[in-house]
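Trainee: Could you take one part of this protein and walk me through it slowly? I would like to hear about the strands and the side chains that join them, and then how that part sits beside the rest of the chain.

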Amino acid sequence: MRAQFVLSEIGVGLRRNLTMTIAVVVSVALSLALAGASLLVRDQVNSMKDYWYDKVEVSIYFCTKSDSKSAQCAAGAATDQQIADVKAKLEKMPLVQNFSFESSAEAFKHWKDLNPDNPLIVAVGAEAMPQSWRVKLVDPTKYDVMQSAFAGLPGVKSVQDQKKILENLFGLLNGLQTAAFVIMVLMLFVALLLIVNTVRVSAFSRRRETGIMRLVGASNFYVQMPFIAEAAFAALLGAALASGLLVGGHFFVQGFLAKRVEFIHFIGLSSVLSVIPLLVVVGMGMAAIAAFFTLRKYLKV
């Protein structure tokens, strides 16, 4: 009987404040969707780091004939002995996981594959492309060790780390994650204000019923429960809507972006589903706590 009464009071409260309830549902949905998106962006960035950093290589480029004007390559193109000396040094380094040699012809073919429409293809020959050792490290963050070990050696033009190129991309993604987090906090604050105002209006509109309940000896918890349940139910609807937005966004990414941006390894549906229970708990908990403290001040029970 008590449960039936509480449920009936929830329905009455939601109907009386329908407009504000809709506003609460929408604001909670948007804030929780942003919260979920922020968590998923973090997972996406971490997944991309694991995927791409595992493929990062350090390239040791050797001098060519066209580099003779630079101070490092004043002696001319690198000799076979200089290339072999670098190989011998790589074999002795525990930091090196594996390495492979790329000849000028292979480098030129690779460059043509990446730039098929470049007009310089007819003017640039394979001899202009530097030979290099492509080195995969056990720990990609130890690039400085490679730089200090090989930069300046006879015949070595430069030592380049692909990780630096990727760090710009990850910096942009981290910036987007921070922006999503800031917007999420603002939206949660707006949702809290709407929940507080909705509970206040609901408590004021039913002050006569609550007064009668106190006169007949109803406990504080029994009087407060319908209002707290209303806020939690509105938050539950918002969390369900936010979950739908995240799942829909995932299918959009997999069905549209993944086919056009093939170099990004997107996270799967399991990552999205793992976030949904957290959104439900946070949304309902936030609404229930806000309603509880609001009632203590304005309902005077």
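Mentor: Here is a walk from the whole chain to the strands, and then out to the helices. Please keep in mind that this is a predicted model.

Let us start with the layout. The protein chain has nine helices and four strands, and their order along the sequence is α-α-β-α-β-α-β-α-β-α-α-α-α. The chain counts 301 residues, of which 38% are buried. Among contacts between residues at least 6 apart in sequence, 82% join residues at least 24 apart. As for the surface, the chain exposes about 17000 Å², and carbon and sulfur atoms supply 65% of that area.

Now to your strands. Take strand 2 (residues 96-102) and strand 3 (residues 132-137), which are linked by Phe99 in the former and Trp133 in the latter, 34 residues apart. The two rings form an edge-to-face aromatic pair, with 5.3 Å from centre to centre and 80° between the planes. How covered are these two residues? Trp133 is buried because its relative accessible area is 7%, under the 20% cut-off. Phe99, at 24% relative accessibility, counts as partly exposed. Phe101 joins in too, since ring pairs link Phe99, Phe101 and Trp133 into a cluster.

A charged pair bridges these strands as well. Glu102 in strand 2 and Arg134 in strand 3 are 32 residues apart in sequence, yet they form a salt bridge whose closest N and O atoms are 2.8 Å apart. Side chains of opposite charge can pair when their charged atoms come close. Here both partners, Glu102 and Arg134, are buried. The count of salt bridges for the model comes to one, so this is the pair to look up when you open the structure.

One more charge is worth a glance: Lys89 lies over the face of Phe150, at 5.3 Å from the ring centre.

Next, the nonpolar cores. In the largest one, which has 30 residues, Val28 and Ile195 touch the most other members. Helix 2 (18-53), helix 6 (163-205), helix 8 and helix 9 (269-298) each supply at least two residues of this core. If you set aside neighbours within four places in sequence, Val28 is in contact with Ala191, Ile195, Ala235, Gly238, Ala239 and Met286. There is also a second, separate core of 19 residues, which includes Val58, Ile83, Leu137 and Ala149. In soluble globular proteins, nonpolar side chains tend to be buried together.

Finally, a look at helix 8 (residues 220-260), where you will find Phe227. Phe227 is buried, because its relative accessible area is 2%. In space, Phe227 and Ala291 are 7.0 Å apart from C-alpha to C-alpha, although 64 residues separate them in sequence.

To tie your strands together once more: strand 2 and strand 3 are linked by the ring pair of Phe99 and Trp133, and also by the charged pair of Glu102 and Arg134.

How values were computed: Residues are numbered from 1 along each chain as its sequence is written. This is a predicted model: local features need pLDDT of at least 70, side-chain atom pairs count only at pLDDT 80 or more; totals for chains, interfaces and linings use all residues. Side-chain values use heavy atoms; hydrogens and water are left out. Buried means under 20% relative accessible area, exposed over 50%, partly exposed in between (1.4 Å probe, protein chains only). Contact means heavy atoms within 4.5 Å. Accessible areas come from the Shrake-Rupley method with a 1.4 Å probe; for residues, only the protein chains shown count as cover. Rings of Phe, Tyr and Trp (its six-membered ring) pair if their centres lie within 6.5 Å; planes under 30 degrees apart count as stacked, over 60 as edge-to-face and the rest as tilted. A charge sits over a ring if NZ of Lys or CZ of Arg is within 6 Å of the ring centre and within 35 degrees of the ring normal. A nonpolar core is a set of buried Ala, Val, Leu, Ile, Met, Phe, Trp, Tyr and Cys residues joined through side-chain atoms within 4.5 Å. A salt bridge is a side-chain nitrogen of Lys or Arg within 4 Å of a carboxyl oxygen of Asp or Glu.
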